[in-house]
Amino acid sequence: MDAFDLDRQARTLSGCISPLLVSRLLELGHSEEVEAQARRGEWFCARAWAQLLES
C-alpha cells in the first residue's frame, strides 16, 4: 500500500474496517481482534491500537 492507496481508503472508507467499527470493537472488549487486524495492516485498527498503547 502506498500513500495514494491509504489516502483513498481513509477518504472513502472502502476496503477497510471503518473507524466506527473499530471503536465499537474496543468498547465491547475485543482489543485482541483490533490488535490482530492492526498487525495485518488494517489502518484504522493500527491507529486505534497505537492510541491505546500511547495511553
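Here's a quick briefing on helix packing, salt bridges and a couple of single residues in this structure. Keep in mind that this is a predicted model. Helices α3 and α4 pack against each other with their axes 8 Å apart, and the salt-bridge count comes to 4. Three of those bridges are walked through below, followed by glycine 15 and alanine 36.

**How α3 and α4 pack**

- Two packed helices are described by the angle between their axes and the distance between the axes.
- For α3 (residues 31–39) and α4 (residues 43–54), the angle is about 120 degrees and the axes sit 8 Å apart. That angle makes α3 oblique to α4, since roughly perpendicular covers 65 to 115 degrees and roughly antiparallel needs over 145.
- As for handedness, α3 passes α4 in a left-handed crossing.
- On the α3 side, the contact involves Ser31, Val34, Glu35, Gln37 and Ala38. Their partners in α4 are Cys45, Ala46 and Trp49.
- Sorted by type, the residues of this contact come out as 5 nonpolar, 2 polar and 1 charged. The charged one is Glu35, because Glu counts as charged.

**Salt bridges within helices**

- Side chains of opposite charge can pair when their charged atoms come close. The rule used here puts the cut-off at 4 Å between a Lys or Arg side-chain nitrogen and an Asp or Glu carboxyl oxygen, and 4 salt bridges pass it.
- In α1, arginine 8 pairs with aspartate 5, with 3.9 Å between the closest N and O atoms. That value is within the 4 Å limit, so the pair counts. The two residues are 3 apart in the helix, about one turn.
- Both ends of the α1 bridge are partly exposed: arginine 8 has 33% relative accessibility, and aspartate 5 has 25%.
- In α2, glutamate 27 and arginine 24 form a salt bridge, and their closest N and O atoms are 3.2 Å apart. Here too the partners lie 3 residues apart, about one turn of the helix.
- Glutamate 27 counts as exposed because its relative accessibility is 58%, over the 50% cut-off. Arginine 24, at 45%, is partly exposed.
- In α3, glutamate 35 bridges to arginine 39, the closest N and O atoms being 2.8 Å apart. Because they are 4 residues apart in the helix, about one helical turn separates them.
- Glutamate 35 is partly exposed at 22% relative accessibility, whereas arginine 39 is exposed with a relative accessible area of 67%.
- Glutamate 35 shows up twice in this briefing: it takes part in the contact with α4 and in the bridge to arginine 39.

**Glycine 15, in a loop**

- Glycine 15 sits in the loop between α1 (3–12) and α2 (19–27).
- With 68% relative accessibility, glycine 15 counts as exposed.
- Glycine 15 and glutamate 42 are 27 residues apart along the chain, and their C-alpha atoms are separated by 9.3 Å.

**Alanine 36, in α3**

- Alanine 36 belongs to helix α3.
- Its relative accessible area is 33%, so alanine 36 is partly exposed.
- From alanine 36 to proline 19, the C-alpha to C-alpha distance is 15 Å, with their positions 17 residues apart in sequence numbering.

Note on methods: Residues are numbered from 1 along each chain as its sequence is written. This is a predicted model: local features need pLDDT of at least 70, side-chain atom pairs count only at pLDDT 80 or more; totals for chains, interfaces and linings use all residues. Side-chain values use heavy atoms; hydrogens and water are left out. Axes are lines fitted to C-alpha atoms, for helices over the stretch in contact, and angles run from 0 to 180 degrees between N-to-C directions. Angles under 35 degrees count as roughly parallel, over 145 as roughly antiparallel, 65 to 115 as roughly perpendicular and the rest as oblique. A crossing is left-handed if the near helix is turned anticlockwise from the far one by less than a right angle, and right-handed if clockwise. Contact means heavy atoms within 4.5 Å. Buried means under 20% relative accessible area, exposed over 50%, partly exposed in between (1.4 Å probe, protein chains only).
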